[in-house]
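Colleague: I'm new to this one, so could you walk me through it?
Modeller: Sure, let's have a look together.

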Amino acid sequence: MDNVEKEKLEELAENLVYRGENVWEKVSEEEKEKIFALGEEYKSFLDKSKTEREAVQEIVRAAKEKGFLDLKELKDGKQIKPGTGFYAVYRDKAVVLGVVGSAELSRGIRLIGSHLDAPRLDLKPQPLYEKHDLALFKTHYYGGIKKYQWTAIPLALHGIVVLQDGRKIEVVMGEKEDDPVFTITDLLPHLAAEQYRRRLSEAIKGEELNVLVGSIPLKGEGYKEKVKLAVLERLNSAYGIIEEDLMSAELEMVPAGNARDIGFDRSLVGAYGQDDRICVFASLKAVLDIETPEITAIALFVDKEEIGSVGNTGMQSKILEETLYELMKITGQEVSLYKLLSSSKALSADVNAAIDPTWEDVMDKLNAAKLGFGVCLTKYTGARGKVDASDANAEYIAELRNLFNREGILWQMGELGKVDQGGGGTIAKYIANLNIDVIDCGMPLLSMHAPFEVSSKGDLYMGYKAYKAFWMDS
Ligand code: MN
Ligand code: MN
């Protein structure tokens, strides 16, 4: 009698209870190989895409290689037909990729949007100064960082300097094996008695994020700041620039070094900028791999998410609308843009926080995403009483559940921490403003926004599969 009851109980549990599944327990040996192969590709993408501009270059290079055409060069529907891939670059910091579907644009598009920018330290317009015979750069941090994490680690300099005549000088220093790196110094513990009394958020203050860049003075009498002058001389001989050129520049200090495997089993990736370049990579790879979809597929890669999706390269700009308008013009389809947008569906491809064994208290364990349990849907973001949230419609979630379950894609539902613990947002709310059904769908991370973030190769693989299935669904 006891045994029967036990079986019945297990049967009920099997049928009724939701259980997340671990990717590594679920996939075949053959799929495991694919997961690790994708991980290698991902790491090399990260190494080549440490800024939003570098990511755009890498995306366009990969798109051209697959035969995607520049939307600006397309004319009158002659070169464009179902299956044609196209791209449109905006100010070298945002890019839209698409594959024309077999259906009319009045059926809408299927949009996957991710962001190319990541937290970092921007050089100030006048960065260079000398103090105590050392040369330093002043910085202004970009996005939400824990400032103390950026000291005492090797940093690399990436970006562009635009000369008065419009010529662009690209700078990458600190990534090659024999390149010098830069660093922000921190106080030795022996003398940190006062610093220890500061709040953690102020352990290193914004104006203390000063980067060490040189120490050899020029020889001779006269001009006082000889270390600064020596640095300017080196910049001039390496890049042909003068100090004023730094005012028309976008130079970023980012953690130096390549992406690495983490763990004895190599299951995880450790690297800078995985928020949100893990979703950028997965959706790029997916859009390049799809055959002709029924509904036109659009991969949108935007800038400035980390500071509120503002500016003319962010999600709140009209980049998407302009691209769609151009596409309608080229394909000769007269559709109302409102109609097109409201018929569309979208995924906001952005990361969520995974539960951290050491910091589990900030999460509601029942609702937290876990590393290695698949791509993560996040119904709502926001803070406090869901303020500023994008809250996905239940009908839409049902549709996606159905799709992912049908396609054998492991997925989980996540939330950004306990109620009233904090919060955040993504580009989802701005996509929702366009009258498009949207939900956040991306990979969970540990150490989000840190110089070295952690993701699971298993989740990346499921994310890639999810994005592909979303575009090929009709
Ligand atoms: Mn993000
Ligand atoms: Mn972020």
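Modeller: One term before you start: donors are N, O and S atoms within 2.8 Å of the metal (3.2 Å for Na, K and Ca), and water is not among the atoms, so sites may look incomplete. This is a predicted model, where local features need pLDDT of at least 70 and side-chain atom pairs count only at pLDDT 80 or more, while totals for chains, interfaces and linings use all residues. Residues are numbered from 1 along each chain as its sequence is written, chains are lettered from A and ligands numbered from 1 in the order in which they are written, and side-chain values use heavy atoms, with hydrogens and water left out.

Colleague: Which residues coordinate the manganese ion (ligand 2)?
Modeller: The donor atoms sit at 2.1 to 2.6 Å. Along the sequence, the donor residues follow the spacing D-x30-E-x142-H. Put names to those letters and you get Asp 275 (OD), Glu 306 (OE), Glu 306 (OE) and His 449 (NE2).

Colleague: And which residue coordinates both manganese ions, ligand 1 and ligand 2?
Modeller: The manganese ion (ligand 1) has donors from His 115 (NE2), Asp 275 (OD) and Asp 350 (OD), the last listed twice, at 2.1 to 2.5 Å. The manganese ion (ligand 2) lies 3.4 Å from the manganese ion (ligand 1), and the residue bridging them is Asp 275.

Colleague: How many residues apart in sequence are the parts that Asp 275 and Asp 350 tie together?
Modeller: Helices (H or I, at least four residues) and strands (E, at least two) are DSSP runs, numbered from the N terminus. Asp 275 lies in helix H7 (residues 274-289), whereas Asp 350 is in the loop between strand E15 (345-348) and strand E16 (352-353), so the parts tied together are apart by 75 residues.

Colleague: What area is buried between domain 1 and domain 2?
Modeller: The domain bounds, from an automatic or database domain assignment, are 19-118 + 272-472 for domain 1 and 121-255 for domain 2. Buried area is the accessible area (1.4 Å probe) that two parts lose on being put together, summed over both. Carbon and sulfur atoms give 48% of it here, and the total is about 1400 Å².

Colleague: How many salt bridges cross the interface of domain 1 and domain 2?
Modeller: The rule wants a side-chain nitrogen of Lys or Arg within 4 Å of a carboxyl oxygen of Asp or Glu. Glu 175 and Lys 50 meet that way, at 2.9 Å from N to O. Across the interface, the count is four.
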